[in-house]
Amino acid sequence: MTPKRFRDLARIGPVHVGTSYDHRGHERHTAACTAPRCGFSADYASRSAAELAARTHRCAIR
């Protein structure tokens with residue numbers, strides 16, 4: 001499997017939001033937390049959904 005090539009990266013708090021293409025060529029938007037031991041990461045069909053997830057994310061590990 002080839003690694004994802006992200007473009008249009010943004011940072012909202014500790015969460016990074018990026019756009020890439022999946023293995024079928026569909027545009028996907030990923031939100032991933034960069035805090036140590038958090039592990040939050042999710043793919044969304046729209047950019048606004050990924051940004052909303054980034055804004056409302058609260059790390060369980062503090």
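How many salt bridges does the structure hold? There are 4, and my notes below work from the sheet and helix towards these pairs. Keep in mind that this is a predicted model.

1. The sheet. The strands form an open sheet of 4, in the order β1-β2-β3-β4, and the pairing is antiparallel. At the edges sit β1 (7–12) and β4 (41–44), each of which pairs on one side only. Neighbouring strands are turned against each other by 20° on average, direction ignored.

2. The β1 side. Strands β1 and β2 run antiparallel and are joined by 4 bridges. One position to look at is R7, whose bridge partner in β2 is T19. The two strands make a hairpin with 2 residues between them, and G13 in the turn has a positive phi of about 65°.

3. The β4 side. Here β3 (residues 27–33) pairs with β4, again in the antiparallel sense, over 4 bridges. If you want a residue pair to find your way by, A31 stands opposite A42 in β4.

4. The helix. Which strands does helix α1 lie across? The helix spans residues 47–56 and lies across β1, β2 (15–21), β3 and β4. Against β2 it runs at about 160°.

5. R7 and E27. Back to the salt bridges, beginning with the side chains of R7 and E27, which meet at 2.4 Å, N to O. R7 belongs to strand β1 and E27 to strand β3, so this pair ties together parts that are 20 residues apart in sequence. Are the two partners buried or exposed? R7 is partly exposed, at a relative accessible area of 35%, and E27 also counts as partly exposed, at 37%. R7 is thus worth a second look on screen: its side chain meets E27 in a salt bridge, while its bridge partner in β2 is T19.

6. D8 and R47. The next pair is D8 with R47, their side chains meeting in a salt bridge at 3.7 Å, N to O. This one links distant parts of the chain, with D8 in strand β1 and R47 in helix α1, 39 residues apart. Why does R47 count as buried? Its relative accessible area is 16%, and buried means under 20%.

7. E51 and R55. Within helix α1, the side chains of R55 and E51 form a salt bridge at 3.8 Å, N to O. The two residues are 4 apart, about one turn of the helix. Salt bridges that share partners join D8, R47, E51 and R55 into one network.

8. More on E51. Why does E51 count as partly exposed rather than buried? Its relative accessibility is 21%, and the cut-off for buried is under 20%. Leaving aside residues up to four places away in sequence, E51 touches I12 and V17. From E51 to H29 it is 22 residues along the sequence, but 9.0 Å in space, C-alpha to C-alpha.

9. To pull this together: I would view helix α1 across the four strands, then follow D8, R47, E51 and R55 as one network. After that, turn to R7 and E27, where the salt bridge ties strand β1 to strand β3.

Notes. Residues are numbered from 1 along each chain as its sequence is written. This is a predicted model: local features need pLDDT of at least 70, side-chain atom pairs count only at pLDDT 80 or more; totals for chains, interfaces and linings use all residues. Side-chain values use heavy atoms; hydrogens and water are left out. Two strands pair if DSSP finds at least two bridges between them. Axes are lines fitted to C-alpha atoms, for helices over the stretch in contact, and angles run from 0 to 180 degrees between N-to-C directions. Contact means heavy atoms within 4.5 Å. Buried means under 20% relative accessible area, exposed over 50%, partly exposed in between (1.4 Å probe, protein chains only).
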